[in-house]
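Q: Please take a close look at one part of this structure, a sheet together with what packs on it. A connected account that ends at a single residue would be welcome.

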Amino acid sequence: MTDLTPITSSAGDGALIEDLTRRAVAANKIEAGPMMLGGSTITRVVREDERIEVINLERLLISPERHRGTATLYDPVDFSDYVARLRDTSTTVWADEKRGRVTAVFNDHHQNYGGVSPAGWRDHTAVLELQPDPEWLAFLALDGKYLSQVEFAEFLTDHDTSFVRPDGATMLEVASSFRARRKAEFSSAVNLDNGDLQLTYNEETTPQTTRSGQIEVPREFVVQLTPYLGYPLVELPARLRWNLDGGTLRMGFKLRRPDLVKQKAFADIRSTIAGRLASTDDAGITTPVLLGPAPNAVTPQQ
């Protein structure tokens, strides 16, 4: 460490030379004072008027002095089993619905017994990171948006396995009709008695010939989706949306409250974890799954 303390000669040249000599010696040699040992930490005074040096030798031990670190899991059952293996009375579990995450804090603050509540570092954790289902994300990305008829046809084709009413085969027929009429001009849309939508189009086949026709599209449909990988599929209704502007047709759909489906899925996962932790309680330890984000690790005071 470079000594940047200003040098003065107020005490005379002799004192100045003495100070320069001391600093030169110190630059090439550490003069260590008394040492104190606490666990794997050594504290020593380096040149009494300069600084205190702390050396941590924990890395040389066979095992760490205490538990810390984070384990990340993707399956609720695996997470529950892992928490059950390591928990004690200071363990808390937090379910953060907004992030789709469940966190176990093994060294949280202890319960209050007789006015004494030992603090914990909160830096030994296990995290369940729920993985979003790609099909769910695909439908949510287009929820409430309008697409060209070709783009809409491509979407129906790519995700036909998710449709249950009407089934995927019916939706593929609709997609084929839109794809075949990509150059047609649409003139009107009529709601049919069965709830479907009938779109009327005019298509120029040759410079002298124009062909008219209709395409029937289900006004409402039901898809099977799941917010999280590994969670059971749930039926989710959707309503067809359409817009005619100067003969140009744009199509889309609106899912019915996907937020409630995701909320219920997270609540079921939270309930599953709580149930498994209760069923593996063989030491009188109760570990409720609290709704909210996990507390931050404690930052040591400098």
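A: The account below goes from the sheet to its helices and then to one residue. The model is a predicted one.

Five strands make up an open sheet of mixed pairing, in the order S4-S7-S6-S5-S16. Strand S4 (69-73) and strand S16 (289-291) lie at the edges; each has a single partner strand, so one side of each is left without a neighbour in the sheet. From one strand to the next, the twist averages 25°.

At the S4 edge, the partner is strand S7 (residues 124-129): S4 and S7 run parallel and are joined by five bridges. One of the residues involved is glycine 69, whose bridge partner in S7 is histidine 124.

Two helices pack on this sheet. Helix H2 (residues 76-86) touches S4, strand S5 (92-96), strand S6 (101-105) and S7, and the direction of H2 makes about 165° with that of S7. Helix H6 (residues 258-279) touches S5, S6, S7 and S16, and the direction of H6 makes about 155° with that of S16.

Histidine 124, found in strand S7, merits separate attention. With a relative accessible area of 12%, histidine 124 counts as buried, because the cut-off for that class is under 20%. Leaving aside residues up to four places away in sequence, histidine 124 touches His67, Arg68, Gly69, Leu86, Ala104, Val105, Phe106 and Asn107. Gly69, listed among these contacts, is also the residue with which histidine 124 forms a bridge pair.

How values were computed: Residues numbered from 1 in each chain as written. Predicted model: local features only at pLDDT ≥ 70, side-chain atom pairs only at ≥ 80, totals over all residues. Heavy atoms only, no water. Pairing = 2+ DSSP bridges. Helix = DSSP H or I, 4+ residues; strand = E, 2+ residues; numbered from the N terminus. Axes fitted to C-alpha atoms, helices over the stretch in contact; angles between N-to-C directions. Contact = heavy atoms within 4.5 Å. Buried < 20%, exposed > 50% of the residue type's maximum accessible area, 1.4 Å probe, protein only.
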